[in-house]
Amino acid sequence: MRHGKKFKHLGRTADHRQAMLANMAISLIEHKRITTTVAKAKALKKYVEPLITRCKDDSTNSRRVVFRYLQNKEALKTLFGEVSQKVGDRPGGYTRVIKLGARQGDGAEMAFIELVDFNENMAKTPKTAAKRTRRAGKKATPKAEAQAETAEAKAE
């Protein structure tokens, strides 16, 4: 029975699983987005989020603890440098898993996992207020805007 076992074994031995998750975490930190299976993405999310939380406090102890998991100096520099600056005010939820569908070869469910603050397409941008015309109160089209401008110029 697997009572109290809180993580997925992913069909690997403990050493193989730890090495795989460490390599995937390094790739995620370097590239900001990686494509993998859904199960591995969810396991990686549970692996990397505590490390990102730890990097908010840039101390020698924090660096040693994170290095124990990653074993890569370049990933450590990136994590404590640009990643910690971007997520400094975020209380959690540093990664996002988006499902992509089934893989062609074996039908495995695929997903990509990415660091949330590094995707410009998904970032919230302030929306501009739509211009309204006087007549109908509807949104103005570029043609209607041009006609309104010429009408104002003639009136003056």
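**A walk through a predicted chain**

Let me begin at Leu10, which lies in the segment before α1. Before going further I should say that what we are looking at is a predicted model, and that every value I quote is computed from that model. With that in mind, Leu10 has a phi near 60 degrees, a positive value in a residue that is not glycine. Most residues other than glycine have a negative phi. As for its surroundings, Leu10 has a relative accessibility of 18%, and therefore counts as buried, the cut-off for that word being under 20%.

Now let me step back to the whole chain. The protein chain holds five helices and three strands, and if we follow it from the N terminus the elements come in the order α-β-α-α-α-β-β-α. There are 156 residues, of which 31% are buried. If we take the contacts whose separation is 6 or more, 52% of them join residues that are 24 or more positions apart. The accessible surface of the chain is about 11200 Å², and carbon and sulfur atoms account for 51% of it.

I would like to turn next to helix α2, which covers residues 38-55. With 18 residues at 1.5 Å a residue, α2 should span 26 Å, and since its end C-alpha atoms are 25 Å apart, the model agrees with that expectation. The buried residues of α2 run from Val38, Ala41, Ala43 and Leu44 through Tyr47, Val48 and Glu49 to Leu51, Ile52 and Cys55. What do these buried residues of α2 pack against? The partners are the helices α1, α3 and α4, together with the strands β1 (33-37), β2 (95-102) and β3 (109-115).

That brings us to α3, residues 60-70, where Ser62, Val65, Val66 and Leu70 are buried. Viewed down the axis of α3, these buried residues fall within an arc of 130 degrees, and so they line one face of the helix. In general, an α-helix has 3.6 residues a turn, so residues three or four places apart point the same way. On the face of α3 turned away from the buried side we find the exposed residues Thr60, Arg64 and Arg68. The cover over the buried residues of α3 includes α1 (14-31), α2 (38-55) and α4 (73-86).

How many aromatic pairs does a search of the whole structure find? The search finds one. It is made by Tyr47 and Tyr69, whose ring centres are 6.0 Å apart and whose planes stand at 80 degrees, so the pair is edge-to-face. Because Tyr47 lies in helix α2 and Tyr69 in helix α3, the pair ties together parts that are 22 residues apart in sequence. Tyr47 is buried, at a relative accessible area of 11%, whereas Tyr69 is partly exposed, at 34%.

There are also charged residues placed over rings. Arg63 lies over the face of Phe80, 4.5 Å from the ring centre, and Lys86 lies over the face of Phe118, 5.0 Å from the ring centre.

Just past α3 comes Gln71, which sits in the loop between α3 and α4. Gln71 is not a glycine, and yet it has a positive phi of about 55 degrees. Is Gln71 buried or exposed? At 53% relative accessibility, Gln71 counts as exposed.

Moving into α4, let me compare a couple of its residues. Thr78 belongs to this helix and is buried, with a relative accessible area of 18%. Setting aside neighbours within four places in sequence, Thr78 is in contact with Ile29, Lys32 and Val83. Lys77 lies in α4 as well, but with 54% relative accessibility it counts as exposed. The C-alpha atoms of Lys77 and Ile29 are 10.0 Å apart, although 48 residues separate them along the chain.

I will finish with Leu115, in strand β3, which counts as buried at 3% relative accessibility. Apart from residues up to four places away in sequence, Leu115 touches Leu28, Lys32, Ile52, Val83, Tyr94 and Thr95. From Leu115 to Tyr94 is a step of 21 residues in sequence, and their C-alpha atoms are 5.8 Å apart in space.

Methods:
Residues numbered from 1 in each chain as written. Predicted model: local features only at pLDDT ≥ 70, side-chain atom pairs only at ≥ 80, totals over all residues. Heavy atoms only, no water. Helix = DSSP H or I, 4+ residues; strand = E, 2+ residues; numbered from the N terminus. Buried < 20%, exposed > 50% of the residue type's maximum accessible area, 1.4 Å probe, protein only. Contact = heavy atoms within 4.5 Å. Areas by Shrake-Rupley, 256 points an atom, 1.4 Å probe, with all protein chains shown as cover. Arc of directions from axis to C-beta. Phe/Tyr/Trp six-rings, centres within 6.5 Å; stacked < 30°, edge-to-face > 60°. Lys NZ or Arg CZ within 6 Å of the ring centre and 35° of its normal. Expected span 1.5 Å × (residues − 1).
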